[in-house]
Amino acid sequence: MIKPLESNVLVKMKDGDDTTKSGIILTPSKEKSQIAEVIAVGPGAIVDGRREEIIVKKGDNVILSKFAGTEVKYENEDYIIIRQSEILAIIE
């Protein structure tokens with residue numbers, strides 16, 4: 001498994017929904033989704049002698065910056081490694 005270092009976060013992008021809650025079928029969008037699931041988190045970078053707090057945790061659904069991170073392929077799965085600062089929001 002991939003274990004992020006410092007304040008990095010490993011995420012897996014979520015596919016967009018093909019149908020709405022009411023059953024309307026949507027055509028595929030050309031834009032990629034900005035919603036991802038957190039797979040693993042690093043321990044936090046050490047800044048001024050203190051470890052930075054990591055706010056997100058494994059299993060969180062988050063919204064990312066549009067062009068965030070580095071794409072990685074590992075064991076036939078696509079992941080993105082991003083800095084915690086590139087996460088815009090946690091979806092509750």
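# A friendly note on an all-strand chain

1. Let us start with one residue and work outwards. Ile63 touches Gln34, Ile35, Glu86, Ile87, Leu88, Ala89 and Ile91, leaving out residues up to four places away in sequence. Please keep in mind as you look at these contacts that the model is predicted. Ile63 has its place in strand 5, and this strand covers residues 61-64. One member of the contact list, Ile91, is 28 residues away from Ile63 in sequence, yet the two C-alpha atoms are 7.3 Å apart in space.

2. Is Ile63 buried, exposed or something in between? It counts as partly exposed, because its relative accessibility is 29%, and the buried class ends at under 20% while the exposed class begins at over 50%.

3. Now look along the rest of strand 5. In a regular strand the side chains alternate between the two faces of the sheet. Here you can follow that pattern residue by residue: Val62 and Leu64 point to one face and are buried, whereas Asn61 and Ile63 point to the other face and are not buried.

4. Which strands pair with strand 5? One is strand 8, joined to strand 5 in the antiparallel sense over 4 bridges. Within this pairing, Val62 has Ile90 as its bridge partner, and Asn61 has Ile91. Another is strand 2, residues 35-41, which pairs with strand 5 over 3 bridges, again in the antiparallel sense. On that side, Ala36 stands opposite Val62, and Ile35 stands opposite Ile63. Val62 therefore makes a good landmark to find on screen, as it has a bridge partner in strand 8 and faces Ala36 as well.

5. Glu86 deserves a closer look, since it appeared among the contacts of Ile63. This residue is found in the loop between strand 7 (77-83) and strand 8. Is Glu86 buried or exposed? It is buried, because its relative accessible area is 15%, and the cut-off for buried is under 20%. Apart from neighbours within four places in sequence, Glu86 is in contact with Ile63, Leu64, Ser65, Ala68 and Gly69.

6. Next, step back to the sheet as a whole. Its 6 strands form an open sheet with antiparallel pairing, in the order 6-7-1-2-5-8. Strand 6 (70-74) and strand 8 (87-91) stand at the edges with a single partner strand each, so one side of each has no neighbour in the sheet. Direction ignored, neighbouring strands of this sheet are turned by 40 degrees against each other on average.

7. Further along the sheet order, strand 1 (residues 8-13) and strand 2 run antiparallel and are joined by 5 bridges. Lys12 has Glu37 as its bridge partner in strand 2. Lys12 also lies over the face of Tyr79, at 5.6 Å from the ring centre. As for rings that pair with one another, a search of the whole structure finds 0 aromatic pairs.

8. Two residues are worth checking for their backbone angles. Most residues other than glycine have a negative phi, and most peptide bonds are trans. Glu6 is not a glycine, yet its phi is positive, at about 50 degrees. It is found in the segment before strand 1 and is exposed, with a relative accessible area of 52%. Asp48 also has a positive phi, near 50 degrees, and is a residue other than glycine. You will find Asp48 in the loop between strand 3 (46-47) and strand 4 (50-51). At 80% relative accessibility, Asp48 counts as exposed.

9. To finish, here is the whole chain. How many helices and strands does it have? The secondary structure comes to 0 helices and 8 strands, so from the N terminus on, the elements run β-β-β-β-β-β-β-β. Of the 92 residues in the protein chain, 27% are buried. Among contacts with a separation of 6 or more, 64% are between residues 24 or more positions apart. The chain exposes about 7000 Å², and carbon and sulfur atoms supply 51% of that area.

Conventions
Residues are numbered from 1 along each chain as its sequence is written. This is a predicted model: local features need pLDDT of at least 70, side-chain atom pairs count only at pLDDT 80 or more; totals for chains, interfaces and linings use all residues. Side-chain values use heavy atoms; hydrogens and water are left out. Helices (H or I, at least four residues) and strands (E, at least two) are DSSP runs, numbered from the N terminus. Buried means under 20% relative accessible area, exposed over 50%, partly exposed in between (1.4 Å probe, protein chains only). Contact means heavy atoms within 4.5 Å. Accessible areas come from the Shrake-Rupley method with a 1.4 Å probe; for residues, only the protein chains shown count as cover. Two strands pair if DSSP finds at least two bridges between them. Axes are lines fitted to C-alpha atoms, for helices over the stretch in contact, and angles run from 0 to 180 degrees between N-to-C directions. Rings of Phe, Tyr and Trp (its six-membered ring) pair if their centres lie within 6.5 Å; planes under 30 degrees apart count as stacked, over 60 as edge-to-face and the rest as tilted. A charge sits over a ring if NZ of Lys or CZ of Arg is within 6 Å of the ring centre and within 35 degrees of the ring normal.
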